[in-house]
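Okay, thanks for coming, everyone. I'd like to take a few minutes on some side chains, so let me put the structure up.

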Amino acid sequence: RTEERSVQLAVRVHKTLELADDKFYVITCGKTGFARDDSGAVALKFLDSTGRRVRETVYNREYTIKAEVTNPNGTYGIRVKNCFAFNKKNMTVMLIDDRGCPLKNDTMTRFRTSVDGTSATAQIMSMFKFSEGSEVHFQCDVV
């Protein structure tokens, strides 16, 4: 019902003996959201200068990034922090710090939360790319 899956993991010091130094973990994965019984997942979207969603970006063009609660329930607002871009080879560039402040003012602005608290937007002044290819992935923490 919760769309969660769990696995128990035992990390043993010795191959056959059970010892006090052994570590036991339960790893749980599930649907993204604010709480287990909540449907408040967040989507990260790119918008062009007219406000339309785009699936591919073009180098050197300006874009808006929008973080939006997909099924808002009026209980939570959002704040975006820890944004970074990365490529296939795991080269990473930090864009927004853990306080929500841009690390380079000429790359990206701070996210501004909407009045109703269900979305936040930031501007990318000029889309960039990594020297190893044209693919760029973005990831942000939303609280």
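I'll go through the aromatic rings, then a charge over a ring, then a patch on the surface.

One thing up front: this is a predicted model.

So, the rings. How many aromatic pairs does the structure hold? There are 3 of them. One is formed by Phe 84 and Phe 86, with 5.7 Å from centre to centre and 40 degrees between the planes, so we call that pair tilted, given that stacked needs under 30 degrees and edge-to-face over 60. And are those two buried or exposed? Phe 84 and Phe 86 are both buried. Then, have a look at Phe 46, Phe 128 and Phe 138, which come together as one aromatic cluster.

Next, the charge. If you find Tyr 59, you'll see Lys 129 over the face of its ring, 5.3 Å from the ring centre.

Okay, on to the surface. There's a nonpolar patch here of about 420 Å², and the residues making it are Val 7, Leu 9, Val 11, Tyr 25 and Ile 27. Which elements give two or more residues to that patch? Those are strand S1, running 5-11, and strand S2, running 23-29. S1 gives the most, with 3 residues.

Let me stop at Ile 27, which is in strand S2. Why can Ile 27 count as partly exposed? Because its relative accessible area is 39%, and partly exposed covers the range between 20% and 50%. That value also clears the patch cut-off, since patch residues need over 30%.

That's my tour, so over to you for questions.

Conventions: Residues are numbered from 1 along each chain as its sequence is written. This is a predicted model: local features need pLDDT of at least 70, side-chain atom pairs count only at pLDDT 80 or more; totals for chains, interfaces and linings use all residues. Side-chain values use heavy atoms; hydrogens and water are left out. Rings of Phe, Tyr and Trp (its six-membered ring) pair if their centres lie within 6.5 Å; planes under 30 degrees apart count as stacked, over 60 as edge-to-face and the rest as tilted. Buried means under 20% relative accessible area, exposed over 50%, partly exposed in between (1.4 Å probe, protein chains only). A charge sits over a ring if NZ of Lys or CZ of Arg is within 6 Å of the ring centre and within 35 degrees of the ring normal. Patches are made of residues with over 30% relative accessible area and no salt bridge: like charges are joined within 9 Å, nonpolar side chains (Val, Leu, Ile, Met, Phe, Trp, Tyr) within 5 Å. Accessible areas come from the Shrake-Rupley method with a 1.4 Å probe; for residues, only the protein chains shown count as cover. A salt bridge is a side-chain nitrogen of Lys or Arg within 4 Å of a carboxyl oxygen of Asp or Glu. Helices (H or I, at least four residues) and strands (E, at least two) are DSSP runs, numbered from the N terminus.
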